[in-house]
Amino acid sequence: MKILMVCLGNICRSPLAEGILKSKLPDNFEVHSAGTINMHEGSNPDKRSVEIAYKNGINISDQCSRPIKPEDLDHYDKIYCMDKKNLQDVLSLARNKQQRNKVSLLMDGLNLEQYPDEVPDPYWSEAEGFEKVFRQINDACEIISKKLIQSQL
Ligand code: 4NP
């Protein structure tokens, strides 16, 4: 099963989501990430994301930002978007119902009432914003990983 995590720049939230989900799944799952813009294409993740991941035992420093492309909607089985604008932008690439059905918000259907239904953009915040985003993505991925593993049984 192939999973794509998507945010705006692919340097803060979706690299964390890629690293976190990957750490909770067996190797037969493919997990990648992409952005809806190409502004940071070729860059490694923001050092604040690298830092908070590292503190939690996850190395995301080798990841490299890339923009999402239309073929991704064929290649991946599930595409999780961090916020509603990302969702809208990814859905605008979808050419049919099968592709649209692969796309959702990360927080959708998880009943994590303590969090907002979008993963907020931490880019303009201090390190604390990144810690909050890490916890939110981590708790979401804990549930998602169990659902994905269950769906493969
Ligand atoms: P991300 O965060 O979408 O979580 O990677 C951002 C990265 C870059 C910008 C905004 C958000 N930017 O404006 O360059």
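How many nonpolar, polar and charged residues does the shell around the ligand have, by class? In this predicted model, the shell comprises six nonpolar, three polar and two charged residues.

**Ligand site**

The ligand occupies the largest pocket. The residues that surround the ligand are Cys7, Leu8, Gly9, Asn10, Ile11, Cys12, Arg13, Met39, His40, Asp121 and Tyr123. Under the class scheme applied here, Asp and Arg count as charged, whereas Gly counts as polar. Oxygen atoms of the ligand lie at the following distances from polar atoms of Leu8, Gly9 and Asp121.

| Residue | Protein atom | Ligand atom | Distance |
|---|---|---|---|
| Leu8 | backbone N or O | oxygen | 2.9 Å |
| Gly9 | polar backbone atom | oxygen | 2.9 Å |
| Asp121 | polar side-chain atom | oxygen | 3.4 Å |

Of the 350 Å² of accessible area that the ligand has on its own, the protein covers 93%.

**Aromatic pair**

The structure contains one aromatic pair. The ring centres of Tyr123 and Trp124 are 4.7 Å apart and the ring planes meet at 80°, so the arrangement is edge-to-face. Planes over 60 degrees apart are assigned to that class. Tyr123 also belongs to the residues surrounding the ligand. With a relative accessible area of 28%, Tyr123 is classed as partly exposed, because that class lies between the limits of 20% for buried and 50% for exposed. Trp124 has a relative accessibility of 75% and therefore counts as exposed.

Terms used
Residues numbered from 1 in each chain as written. Predicted model: local features only at pLDDT ≥ 70, side-chain atom pairs only at ≥ 80, totals over all residues. Heavy atoms only, no water. Near = heavy atom within 4 Å. Polar contact = N/O pair within 3.5 Å; in protein donor to acceptor, adjacent residues only side chain to side chain. Areas by Shrake-Rupley, 256 points an atom, 1.4 Å probe, with all protein chains shown as cover. 1 Å grid on protein atoms, 1.4 Å probe; cavity = no way out; pocket = protein on both sides within 12 Å on 5 of 7 lines; lining within 4 Å. Sits in = over half its atoms within 2 Å of the grid points. Phe/Tyr/Trp six-rings, centres within 6.5 Å; stacked < 30°, edge-to-face > 60°. Buried < 20%, exposed > 50% of the residue type's maximum accessible area, 1.4 Å probe, protein only.
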